[in-house]
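Please open the structure in your viewer and keep the selection panel at hand. The tour goes from one selection to the next and says what can be found at each stop.

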Amino acid sequence: MKVLTANRLTDGEAVWFAKDGSWAEEIGLSEVVGDKEGEARLEAIGKAALDNNEVVDVNLIDVELVDGGIVPQRLRERIRAAGPTNRVDLGKQARQGETRAA
Amino acid sequence: MYRYDEFDHDFVKARVAEFSDQVERRLAGEITEDQFRPLRLMNGVYLQLHAYMLRIAVPYGTLNAKQLRMLGHIARKYDKGYGHFTTRQNIQFNWPALSDIPAILADLASVEMHAIQTSGNCIRNVTADHFAGAAADEVADPRPYAEILRQWSSVHPEFSYLPRKFKIAVTGAERDRAAIQTHDIGLHLKKNEKGELGFAVYVGGGQGRTPMIAKKIRDFLPEEHLLSYSTAILRVYNLYGRRDNKYKARIKILVHETGAEEFARQVEAEWQALMDSELKLPDADIRAIDAYFAPPALAARPEGDEAIRLARLDSRSFAEWLDQNVVTHRHPDYAAVTISLKGIGEVPGDASDSQMEAVADLAEKYAFDEIRVSHEQNLILPHVARADLKAVYDWLVEIGFATANSNLISDIIACPGLDYCALANARSIIVAQNISKRFASLERQREIGELKLKISGCINACGHHHVGHIGILGVEKKGAELYQVTLGGSADENTSVGEIIGRGFGPDEITDAIETIVDTYLAIRSDAGEKFLDAYRRVGPAPFKEALYAGEAKAA
């Protein structure tokens, strides 16, 4: 299974292509595809977003579904999705509390 | 320190305006990422895992208080309240928005700083001994020559598109604190028998996937030929360095494949045509740059001895800090202070906005407005009166920068690794933090003695693992982090590349493995005075292999 990820052009924020067609700041909102057809579609979306100067460094990455959550296979991508492991007060992991509170 | 002249001010301002326009056009979609990437890299802007990263040049690691205060301001206003000092004596901010970078660069320009040539295949920030101008063992201050090289190499039209990046380091003492033999060009400033200044020239050192120790191609190059000879080296490299393979493009590969002798011959031939050209430095020009680096007027402060004697009796922790983090100055009433950015369990090289501001205040009050960044990721106050050391220490205690661990096992160099870096394969910071915590006892660290531990999160070796007495290289194996250990590396005047000791260790094993290595050293050292590196050079890897892996062999 794969999801489409990139960094937002204006601020470099790690983002994922979401089910609602936006680029979300949380991997949990990603659209997950499980076949070649889906991958090709996401790749086309990624290329269009790159050409449209919305995002940079577009990649399809491997993920697994664990307890209903989307978890990247590679540690690199897990760190991108959360933030630096040595500073849990930084990055997306620091915002989870805020999101829940909101 | 060097002050910008009108030309420098105009040049940096023009560059800020140019890059601001490029950012604006990129954000407006007028230029593509492929067009923009080389432009942003030329201005120090990378894209990392979580955000952009801005790398700011600190020429030869020298800062004044105003500049450091500005770095603190940038950390607070545009970033997340901290910066990371690097092994190139620079600073990196890990979270700036692209849209804020023009404003950051304008702020930097107001204090004579920039991010030019902190990336790309050009001549990078020239580094120097962090005790330059202060060290008791120094022949002359290497920084005027580093500044001359900086001026010459800035947007040099011939050397802006080299086969690969190019790094130069200069030291002014026999004791090499600038790791010159791991550089593309390493310069050792010295005097000949007539008392004239010149350089021993080393070429072709480097780390990365193919570590090489630089070869000395000239024992004494008169100072006036610094630029003509450097140009000759760069020309030979620019002409013959490989451009077909990124991994073979550094000058170290060219020197290795050509042979040092033949390479030196080619440089010599090129130099013959250049040595009497306009590149030959007039003495007046060298002395004019020298004048910028005139040492501060150090008044006699003989009361320091008594003040220190009393303070030592009063505070054991001060005494320990004095013994570990304070070194002899060329003026007997003064000392050079290492401010450790390696508090136990902290991130090597990180400083918060308020810590940067506090060090700036400290430098203004007690250190003649001078701060240095060391390639070992610490800050240095090069000139402090011994009589003021206790006050400086107390101040550092307040801001959490008084850890007395300079050159001990917790004074670790670590790259940002996989927690930030897009190139990394494994984390470095957490490994450094765990080792630091394991060896938290300063008493234990002092018993172990000098031990330089260096960690890189990928083979590019930003964390200098090849030349660590103990080196750790993080790799990715079957989707997991694995840490390879090398022993016996060193980056001083007797540079050596560490040897891989055996199979790697998982993230949960690496701290234990380091402890086993240290315990083995303590057991085999001839006496308490034999340092780790000396012991390793005497006995070789065998006892360490035995201690790390013997159990496995028996079990198998």
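Which residue in S19(B) is the bridge partner of B:Lys477? Before selecting anything, please note that this is a predicted model. Now select strand S18 (residues 470-477) and strand S19 (residues 480-487) of chain B, which run antiparallel and are joined by 8 bridges. The partner of B:Lys477 is B:Ala480, which belongs to S19(B).

**The open sheet of chain B**

Widen the selection to the open sheet of 5 strands in chain B, where the order is S16-S17-S18-S19-S20 and the pairing is mixed. At the edges stand strand S16 (413-414) and strand S20 (499-500) of chain B, and because each has a single partner strand, one side of each is left without a neighbour in the sheet. Next add helix H14 (residues 429-438) of chain B, which lies across S16, strand S17 (453-456), S18 and S19 of that chain and runs at about 155° to S17(B).

**Where the two chains touch**

Keep H14(B) selected and bring chain A into view, since the contact between the chains takes 22 residues from chain B and 23 residues from chain A. On the side of chain B that touches chain A, H14(B) supplies the largest share, with 3 residues. Coloured by class, that side of chain B shows 12 nonpolar, 5 polar and 5 charged residues.

**A covered strand in chain B**

Move to strand S12 (residues 334-339) of chain B, where 6 of the 6 residues are buried. In a regular strand the side chains alternate between the two faces of the sheet. In S12(B) both faces are covered, with B:Tyr334, B:Ala336 and B:Thr338 buried on one side and B:Ala335, B:Val337 and B:Ile339 buried on the other.

Which strands pair with S12(B)? One is strand S11 (residues 326-328) of chain B, which runs antiparallel to S12(B) and is joined to it by 3 bridges, while a hairpin of 5 residues links the two strands. Here B:Val326 has B:Val337 of S12(B) as its bridge partner. Another is strand S15 (residues 379-385) of chain B, which pairs with S12(B) in the antiparallel sense over 5 bridges, and in S15(B) the residue to pick is B:Val384, the bridge partner of B:Ala335.

**Across to chain A**

Now select chain A alone, which has 3 helices and 5 strands and which, read along the sequence, follows the pattern β-β-β-α-β-β-α-α. Its C-alpha atoms fill a box of roughly 35 × 30 × 25 Å along the principal axes. The radius of gyration of chain A is 13 Å, which agrees with the value near 13 Å that a compact globule of 102 residues would have. Of those 102 residues, 32% count as buried.

Zoom in on strand S2 (residues 14-17) of chain A, where A:Ala14 and A:Trp16 on one side and A:Val15 and A:Phe17 on the other are all buried, which leaves both faces covered. Strand S1 (residues 2-8) of chain A pairs with S2(A) in the antiparallel sense over 3 bridges, and A:Ala6 stands opposite A:Val15. These two strands form a hairpin with 5 residues between them, and A:Gly12 in the turn has a positive phi of about 80°.

End the tour at strand S3 (residues 23-24) of chain A, which runs antiparallel to S2(A) and is joined to it by 2 bridges; within S3(A), A:Ala24 is the bridge partner of A:Trp16. The hairpin of S2(A) and S3(A) has 5 residues between the strands, and there A:Gly21 takes a positive phi near 90°.

Terms used: Residues numbered from 1 in each chain as written. Chains lettered and ligands numbered in written order. Predicted model: local features only at pLDDT ≥ 70, side-chain atom pairs only at ≥ 80, totals over all residues. Buried ≥ 20, exposed ≤ 12 C-beta atoms within 10 Å, placed from the backbone. Helix = DSSP H or I, 4+ residues; strand = E, 2+ residues; numbered from the N terminus. Pairing = 2+ DSSP bridges. Contact = placed C-beta atoms within 7 Å. Axes fitted to C-alpha atoms, helices over the stretch in contact; angles between N-to-C directions. Nonpolar A, V, L, I, M, F, W, Y, C, P; charged D, E, K, R; others polar. Rg over C-alpha atoms; globule rule 2.2 N^0.38 Å.
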